[in-house]
Amino acid sequence: FSRLSPNPQLIHGEPTTEAFTDPKTNSLVQYFEKSRFEYHPTEPVGQQVHLSPLGLTHYLLVQDQVQPVDAIDHSQGCRVFQDTGLKICLAFLAFYEANGGEYTFGPPVSNAVWLNGKLVQYFFYSKLEWRPDLPAGKSIQVANLGYDNFFLNREDTSRLDPIPLNNTIANVL
């Protein structure tokens, strides 16, 4: 993942578990603060580690709670995904493109929306949040969906011990 993402720690966060076998899928997985990696040994070398679709999973759980954003002028500063008609605009688009785009985040699964008073946008693998309290250029943050998903899946909390960065499933690449 580090080949296409200039800052994988910004995108995925710190590892929060060692790799372990998910009893539901029988796959080797590892949680990070913002992501979950899955190991698929039957895939070609260099393509064995996949991201879990945490953005899509979370969006499906909250889609009835989101409110559309009417204040964004979608005529400029947007990229439209022709297959879905969904748009990535302005600061979300700049962050998306600067950090690996579709390879890193997947395609959008929502337009920018309001959720619990925050402006967010969901992508197949993650969720981006706009933080107006942060300086320009740092106002977009990747949400901690890995951590959230760990608890949604009712994983064993004893797995949440500090993990050295050199001992992660991402190093399989």
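What volume does the largest cavity have? I looked that up before anything else, and the answer is about 40 Å³. Note to self: this is a predicted model.

**Entry: the cavity**

I asked how many cavities of 30 Å³ or more the structure holds, and I got one. My reminder on the idea behind the search: rolling a probe the size of a water molecule over the atoms shows where empty space is left.

Next I pulled the lining of the largest cavity. Leu54, Thr57, His58 and Leu61 are on the list, along with Leu145, Asp148, Asn149 and Leu152. Helix H2 (54-62) and helix H5 (145-152) are the elements that give two or more residues to this lining. Sorted by class, I have four nonpolar residues, three polar ones and one charged residue around the largest cavity.

**Entry: whole-protein numbers**

I wanted some context, so to speak, and went for the totals. The protein has five helices and 11 strands. It runs to 173 residues, and 42% of them count as buried. I also checked the contacts with a separation of 6 or more: 47% of them come from residues 24 or more positions apart. For the accessible surface of the protein I noted about 9,400 Å², with 51% of that belonging to carbon and sulfur atoms.

**Entry: the four-stranded sheet**

Which order do the strands take in the open sheet of four? I wrote down E1-E2-E3-E4, with antiparallel pairing. Strand E1 (20-21) and strand E4 (49-51) are at the edges with a single partner strand each, so each has one side left without a neighbour in the sheet.

I then zoomed in on E2 (residues 28-31) and E3 (residues 36-39), which are antiparallel and joined by four bridges. Leu28 sits opposite Tyr39 in E3.

**Entry: the five-stranded sheet**

There is also an open sheet of five strands, ordered E5-E8-E9-E10-E11 and again listed with antiparallel pairing. Why is one side of strand E5 (67-68) and of strand E11 (140-142) left without a neighbour in the sheet? Both stand at the edges, and each has a single partner strand.

I followed E10 through its pairings. Strand E9 (residues 118-122) pairs with strand E10 (residues 127-130) over three bridges, in the antiparallel sense, and a hairpin of four residues joins E9 to E10. E10 and E11 also run antiparallel, joined by three bridges. Leu128 turns up in both of my lookups: Leu128 is the bridge partner of Gln121 in E9-to-E10 pairing, and Leu128 stands opposite Val142 in E11. Side note: in a regular strand the side chains alternate between the two faces of the sheet.

**Entry: Pro108**

Where does Pro108 sit? I found Pro108 in the loop between helix H4 (101-105) and strand E8 (113-115). Buried or exposed? Pro108 comes out at 3% relative accessibility, and the cut-off for buried is under 20%, so Pro108 counts as buried.

I listed its contacts too, leaving aside neighbours within four places in sequence. Pro108 touches Phe81, Leu86 and Ile88, and also Gln121, Tyr122 and Phe123. Gln121 is the residue I had already met as the bridge partner of Leu128.

Last lookup: Pro108 against Gly55. The two are 53 residues apart in sequence, and their C-alpha atoms are 9.0 Å apart in space.

Note on methods: Residues numbered from 1 in each chain as written. Predicted model: local features only at pLDDT ≥ 70, side-chain atom pairs only at ≥ 80, totals over all residues. Heavy atoms only, no water. 1 Å grid on protein atoms, 1.4 Å probe; cavity = no way out; pocket = protein on both sides within 12 Å on 5 of 7 lines; lining within 4 Å. Points joined across faces, edges and corners; volume = space filled by probe spheres on them. Nonpolar A, V, L, I, M, F, W, Y, C, P; charged D, E, K, R; others polar. Pairing = 2+ DSSP bridges. Buried < 20%, exposed > 50% of the residue type's maximum accessible area, 1.4 Å probe, protein only. Contact = heavy atoms within 4.5 Å. Areas by Shrake-Rupley, 256 points an atom, 1.4 Å probe, with all protein chains shown as cover.
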